[in-house]
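Trainee: I'd like to go through this one with you, piece by piece. Could we put it up and start talking?

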Amino acid sequence: MSTHSLVKQYFALVPPYFLHLPPPLILIQPDNQECLIQHIFQSSLPEPGPTYRRQFWRRIVGYLEDVLRRHTNEDDASEIDVQEQGREEEGDGGDPEVDERIYSALADLMALPLEHEETSYRTFLYPLGDTEARIILLEDIAVIQGGTTGLRTWKASLHLAHHIHLNTISLPPGPIVELGAGTGFLSIFLAQRQREVIATDLDATDGRQAPLKRLQHNVGMNHVEENVKVTPLDWADSLRPKSERPAVWEELTSRPYTVVAADVVYDPDLIPLLVSTLRILLHVGSTAVVSATVRNPDTIDTFVRTCEVSGIDVEVFRLDVMPKDDPTFYDNGLDSSCEVQIMRLTPSSASMLSKESEGQQEMMNECK
Ligand SMILES: C[S@@+](CC[C@H](N)C(=O)[O-])C[C@H]1O[C@@H](n2cnc3c(N)ncnc32)[C@H](O)[C@@H]1O
């Protein structure tokens with residue numbers, strides 16, 4: 001566990017009680033504290049909100065002070081002294097201590113008035129070629145806000161991106177459409193790999209907060225507008241006659257798009273709409289990759305059965321889980337006890353899928 005991985009966790013808003021910390025004897029070393037200071041205090045990345053920063057630095061200071069307390073204890077002194085001895089020989093001596101700049105930053109944060117925060121920046125740093133790529137997102141602090149779940153990045157997205165990053169899942173060449181893109185994490189990640197993506201989600205309706213505006217904002221912040229087109233798409237429109245659907249449906253069925261979707265299988269009431277959408281988009285012979293967090297196995301089973309009766313074959317990928325220790329993308333602990341199931345969906349028979357018949361729709365509704 002390196003100091004840089006702690007920097008990655010800080011920007012990804014890993015809750016302080018979930019942090020994977022370098023051993024205290026390593027982190028207390030002045031050059032490692034300097035690394036934290038440089039890569040956090042002097043970073044050009046947007047900072048997490050003050051509440052998170054306060055909690056983070058309290059945890060770090062507590063952790064370091066604990067090792068110093070043990071240092072003054074004769075039993076442990078020998079251990080830390082061995083580490084320090086080498087440094088003194090290099091002329092870098094003195095007792096280890098918490099850097100003044102860390103204390104001072106924490107004091108400033110503790111002095112801030114406690115204010116209600118609705119949003120925070122969350123940045124994912126990950127290796128891409130010879131560089132470290134960044135995905136910067138403005139996210140809501142609340143898990144569900146204004147009736148939508150689309151203003152936070154969910155575990156299923158991070159896991160799917162991890163497997164695409166490792167090439168354990170490969171998406172066919174050609175354009176991609178993301179359903180329920182939320183904050184845009186996955187679409188931005190794909191754009192950084194030079195893929196052309198249409199990122200879709202709900203637009204504002206009936207006064208509820210819609211993710212589309214945030215999606216557009218996040219795409220702009222990452223400068224991937226050339227590769228990511230943000231477009232409203234409501235799965236409910238799949239039930240309307242073809243001639244009454246918004247123009248995007250025509251565009252998405254004019255040529256094969258690979259469909260990606262993460263954490264869209266969570267509400268049994270949405271499954272018929274989602275599967276009906278997939279049926280229409282896949283009928284031109286394309287593939288979908290759906291990443292689902294298994295909170296309730298019955299919901300996933302219903303989704304798979306609904307796909308199958310609608311002429312969509314479902315294949316579950318057998319994949320290693322993303323390592324918790326130094327993963328490609330740090331999770332924020334939401335759904336930490338749930339596994340992620342990633343599925344490949346393909347049309348089982350082109351002739352069956354090309355018919356958007358009422359009979360098929362009825363079959364799907366029976367599965368509700
Ligand atoms: C749990 S969030 C997942 C967001 C994102 N894919 C992620 O993994 O971080 C579910 C997403 O599905 C979208 N959604 C829900 N119902 C929808 C519908 N009828 N049509 C289109 N998108 C919908 C929500 O707006 C939300 O962005």
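Mentor: Sure, and one term before we start: a residue counts as buried if 20 or more other C-beta atoms lie within 10 Å of its own, as exposed if 12 or fewer do, and as partly exposed in between. Keep in mind too that this is a predicted model.

Trainee: Then let me try that on aspartate 326: is it buried, exposed or partly exposed?

Mentor: Aspartate 326 lies in the loop between E8 and E9, and its phi is positive, about 60°, although it is not a glycine. For the class, you count neighbours: there are 14 C-beta neighbours inside 10 Å, so aspartate 326 counts as partly exposed.

Trainee: And histidine 223, buried or exposed?

Mentor: Histidine 223 is placed in the loop between H9 and E5. Its phi is positive as well, near 55°. The count is 12 C-beta neighbours inside 10 Å, and a residue with 12 or fewer falls in the outermost class, so histidine 223 is exposed.

Trainee: Let's zoom out. What share of the protein chain's residues is buried?

Mentor: The chain's secondary structure comes to 14 helices and nine strands. Of the contacts with a separation of 6 or more, 76% are between residues 24 or more positions apart. Out of 368 residues in the protein chain, the buried share is 36%.

Trainee: Which strands stand at the edges of the seven-stranded sheet?

Mentor: The sheet is open, with mixed pairing, and its order reads E5-E4-E3-E6-E7-E9-E8. A strand at either end has a single partner, so one of its sides is left without a neighbour in the sheet. Neighbouring strands are turned by 25° against each other on average, direction ignored. The edge strands are E5 (228-232) and E8 (312-316).

Trainee: In what sense do E8 and E9 pair?

Mentor: Five bridges link these two. Aspartate 313 has threonine 346 of E9 as its bridge partner, and glutamate 315 has arginine 344 there. The sense of the E8 and E9 pairing is antiparallel.

Trainee: Which helix packs on the sheet touching E7, E8 and E9?

Mentor: Two helices are worth checking here. H9 (residues 211-221) packs on the sheet against E4 (197-201) and E5, with its direction at about 170° to that of E5. The other one makes about 140° with the direction of E8, and that helix is H12 (residues 297-309).

Trainee: Back to E9: how many bridges join it to E7?

Mentor: E9 is mostly covered, with six of its eight residues buried. Valine 290 has methionine 343 in E9 as its bridge partner. E7 and E9 run antiparallel, and the number of bridges joining them is six.

Trainee: How many residues of helix H7 are buried?

Mentor: H7 covers residues 155-165, and its buried residues include Ser157, Leu160 and His163. They pack against helix H8 (185-192) and strands E6 (258-262), E7 (288-293) and E9 (340-347). After the helix comes asparagine 167, with a positive phi near 65°. The buried count in H7 is ten of eleven.

Trainee: At what angle do H1 and H3 pack?

Mentor: Packed helices are described by the angle between their axes and the distance between the axes. H1 (residues 3-11) and H3 (residues 30-41) have axes 9 Å apart, and the crossing is right-handed. Their packing angle is about 35°.

Trainee: Which residues of H3 meet H1?

Mentor: By class, this contact has six nonpolar, four polar and no charged residues. H1 brings Thr3, His4, Leu6, Val7 and Tyr10. On the H3 side they meet Asn32, Cys35, Leu36, His39 and Ile40.

Trainee: What does leucine 19 touch, leaving aside residues up to four places away in sequence?

Mentor: Leucine 19 sits in the loop between H1 and helix H2 (24-27). With 17 other C-beta atoms within 10 Å, leucine 19 is partly exposed. Its C-alpha atom is 9.8 Å from that of serine 5, 14 residues apart along the chain. The residues touched are Gln9, Val14 and Arg59.

Trainee: Last one: which residues are closest to the ligand?

Mentor: The shell around the ligand divides into 14 nonpolar, eight polar and three charged residues. In total, 25 residues surround the ligand, and the closest are Gly150, Trp154, Ser157, Gly180 and Gly182.

Technical notes
Residues are numbered from 1 along each chain as its sequence is written. This is a predicted model: local features need pLDDT of at least 70, side-chain atom pairs count only at pLDDT 80 or more; totals for chains, interfaces and linings use all residues. A residue is near a molecule or strand if its C-beta atom, placed from the backbone, lies within 6 Å of it. Ala, Val, Leu, Ile, Met, Phe, Trp, Tyr, Cys and Pro count as nonpolar, Asp, Glu, Lys and Arg as charged, and the others, Gly among them, as polar. Axes are lines fitted to C-alpha atoms, for helices over the stretch in contact, and angles run from 0 to 180 degrees between N-to-C directions. Helices (H or I, at least four residues) and strands (E, at least two) are DSSP runs, numbered from the N terminus. A crossing is left-handed if the near helix is turned anticlockwise from the far one by less than a right angle, and right-handed if clockwise. Two residues are in contact if their C-beta atoms, placed from the backbone, lie within 7 Å. Two strands pair if DSSP finds at least two bridges between them.
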